[in-house]
Amino acid sequence: VVMTDKQFSRDIADRFSALMDDQANAGGTGNTGNAIYQAPAIKLVNEDNAERVDRDSLELALRSLPGKDDEGNSRVIFLFAHTEQVAEIIEAATQQNLVRSDVIWIAPEAWAGRYIPQNPMPTPGYLGVTLYRNGNEHYLDFLNRFNGFRSSAGKNHWTDLPDDYAVGTMIDAIVSMVKAISAVPPDQRTDGHAIINELYDVSFDDGVSGSVSFTDIGDRKNPRFSIINSQQYGSKWETVGDVTVRSDGSYTYNLDKTGMCFPESGCGTIPRISYSIPKEEYKLPI
């Protein structure tokens, strides 16, 4: 795990580590959760009214990662950072030979699916996970309305919304609330508890962000996410699959491996794994 010294990055990293440990302790398959290493947080400095990474801190974080020849190194790197810092981190990682065919970089939604204008991103081929978007009639209706607003502002129409726009969950949240309020008698619609009770029972399969229903504590039940892949600098991230995470911790996924691109090996070719999977005795400190 590589992260910047921001509270959001630390929260994600801590939650991620806890989830992986829970999976391992629950008897998950393989060695999940048995080889997580968290590099020292990358400090940020203010330069020209913008937050930039501190070079010494960045070098320290990258040098601390298990090297290419380290036994038990899985070489899967999760980078928790904002879009503004990602290009500089990746550039430094490339200089240290950490961006290559046998290293997989995973992006959370903080930078997955987003166009990074500053500093060309070297060796494209990163994987990311974003909220699932179902291009159904609800989404198309929103897109048409959005383009109407852009027309009135003298702007060009968009054929699609960027992947980092959380429009799917926004639409589904509105629909869920309308369904819950509609299920409450008119004279009780100022009763928040009554609306929340109905919200627990809301369920529909044609949501823009996939099937919508809620757990008994109000979380999204069985959320669905898109797996995306940056294939060429400056181009749109391409959707190469999706994954559904069930409330019991199990998951299902679809993945078009032939449509993915990786550093060095290019597109349509899955890099050959040239190292052994980490064993439990090589567990690294969190």
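Start by selecting Asn97, which lies in the loop between helix H3 (83–95) and E5. The model on screen is a predicted one. Asn97 follows H3 and has a positive phi, near 60°. This positive value occurs in a residue other than glycine. Is Asn97 buried, exposed or partly exposed? Colour it by accessibility: its relative accessible area is 38%, and because the partly exposed class runs from 20% to 50%, Asn97 counts as partly exposed.

**The whole chain**

Zoom out before going further. The chain holds 6 helices and 13 strands. Of its 286 residues, 36% are buried. With the surface switched on, the chain exposes about 15900 Å², and carbon and sulfur atoms supply 50% of that area. Among contacts with a separation of 6 or more, 59% are between residues 24 or more positions apart.

**Helix H3**

Go back to H3 and show its side chains. Which residues of H3 are buried? They are Thr83, Gln85, Val86, Ala87, Glu88, Ile89, Ile90, Ala92 and Ala93. Now add the elements that cover these residues, which include strand E2 (44–47), strand E3 (50–53), helix H2 (55–63), strand E4 (76–80) and E5.

**Ser9 in helix H1**

Select Ser9 next; its place is in helix H1 (residues 7–25). Ser9 has 0% relative accessibility and so counts as buried. Show the side chain of Thr4 as well: the Ser9 side chain makes a polar contact with it at 2.9 Å. What else does Ser9 touch, leaving aside its neighbours within four places in sequence? The residues in contact with Ser9 are Met3, Thr4, Phe80 and Ala81.

**The open sheet**

Hide the side chains and display the strands as ribbons. An open sheet is formed by 7 strands, in the order E1-E4-E5-E6-E9-E10-E11, with mixed pairing. Its edge strands are E1 (2–3) and E11 (251–255), each of which pairs on one side only. In general, the strands of a sheet pair through backbone hydrogen bonds, either parallel or antiparallel.

Within the sheet, pick out strand E5 (residues 104–107) and strand E6 (residues 127–131). These two pair in the parallel sense, over 2 bridges. To place the pairing in the viewer, select Ile106, whose bridge partner in E6 is Leu127.

Then move across to strand E9 (residues 224–229). How many bridges join E6 and E9, and in which sense do they pair? There are 5 bridges, and the sense is antiparallel. A useful pair to label here is Leu131 and Phe225 of E9, which stand opposite each other.

**The loop before E9**

Select Asn222 and Pro223. Both residues lie in the loop between E8 and E9; strand E8 covers 210–212. Asn222 has a positive phi of about 50° although it is not a glycine. With 31% relative accessibility, Asn222 counts as partly exposed.

For Pro223, draw a C-alpha to C-alpha distance to Ser213: the two are 10 residues apart in sequence and 9.0 Å apart in space. Leaving aside its neighbours within four places in sequence, Pro223 is in contact with Val243, Thr244 and Val245.

**The E10–E11 hairpin**

Continue to strand E10 (residues 238–245), which runs antiparallel to E11 and is joined to it by 5 bridges. Label Gly241 and Leu255, since the first stands opposite the second, which is in E11. What do E10 and E11 form, and how many residues lie between them? They form a hairpin with 5 residues between the strands. Select Gly249 in the turn to find a positive phi of about 95°.

**Helices H5 and H6**

The last stop is a pair of helices. Two packed helices are described by the angle between their axes and the distance between the axes. Select helix H5 (residues 167–182) and helix H6 (residues 192–200): their axes come within 8 Å and cross at roughly 115°. The crossing of H5 past H6 is right-handed. Which residues make the contact? On H5 they are Ser176, Met177, Ala180 and Ile181, and on H6 they are Ile195, Glu198 and Leu199.

Notes. Residues numbered from 1 in each chain as written. Predicted model: local features only at pLDDT ≥ 70, side-chain atom pairs only at ≥ 80, totals over all residues. Heavy atoms only, no water. Pairing = 2+ DSSP bridges. Helix = DSSP H or I, 4+ residues; strand = E, 2+ residues; numbered from the N terminus. Buried < 20%, exposed > 50% of the residue type's maximum accessible area, 1.4 Å probe, protein only. Contact = heavy atoms within 4.5 Å. Areas by Shrake-Rupley, 256 points an atom, 1.4 Å probe, with all protein chains shown as cover. Polar contact = N/O pair within 3.5 Å; in protein donor to acceptor, adjacent residues only side chain to side chain. Axes fitted to C-alpha atoms, helices over the stretch in contact; angles between N-to-C directions. Left-handed = near helix turned anticlockwise from the far one by under 90°.
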